[in-house]
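Here's a quick briefing on one sheet and how its strands fit together. Have a look at the sequence and the structure first.

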Amino acid sequence: MSGGGTPDLELALLRRSLGEISGKVEHCHSCERALLIGERVYEYENGELRCALCRVERAGQSAPWHTVHTAAHGHSLRLLDRRPARRAA
Ligand SMILES: [Zn+2]
């Protein structure tokens, strides 16, 4: 037993979930542009993220993609009704 498992994969998964939790903005590795909400981002095996425009540079390589979601994911505000309760006269 090496006891090591697959640390690279685990790290990659951890990093990804942390990124989602902290709401960090994702950037394209090629053009370094901040990716927009709802944009399709391609993830390559070496961890590179590329936007749909830069993907053509690696057209021969297939990659899984996901949609960029809001940076405020999980942190959206709820409007509270803070008006004082009306008192009966
Ligand atoms: Zn790009």
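What follows covers the sheet, its strand pairs and one hairpin.

This is a predicted model, where local features need pLDDT of at least 70, side-chain atom pairs count only at pLDDT 80 or more, and totals for chains, interfaces and linings use all residues. Residues are numbered from 1 along each chain as its sequence is written.

**The sheet**
- Three strands (DSSP runs of E, at least two residues, numbered from the N terminus) make an open sheet in the order 2-1-3, with antiparallel pairing.
- Strand 2 (49-51) and strand 3 (65-67) sit at the edges with a single partner strand each, so each has one side without a neighbour in the sheet.
- On average, neighbouring strands are turned by 35° against each other, direction ignored, using axes fitted to C-alpha atoms.

**The pairs**
- Pairing here takes at least two bridges found by DSSP between two strands.
- Strand 1 (residues 40-43) pairs antiparallel with strand 2 over three bridges, and Val 41 has Cys 51 as its bridge partner there.
- Strand 1 also runs antiparallel to strand 3, joined by three bridges; Arg 40 has Thr 67 as its bridge partner in strand 3.

**The hairpin**
- Five residues lie between strand 1 and strand 2 in their hairpin, where Gly 47 takes a positive phi near 95°.

Note on methods: Helices (H or I, at least four residues) and strands (E, at least two) are DSSP runs, numbered from the N terminus. Axes are lines fitted to C-alpha atoms, for helices over the stretch in contact, and angles run from 0 to 180 degrees between N-to-C directions.
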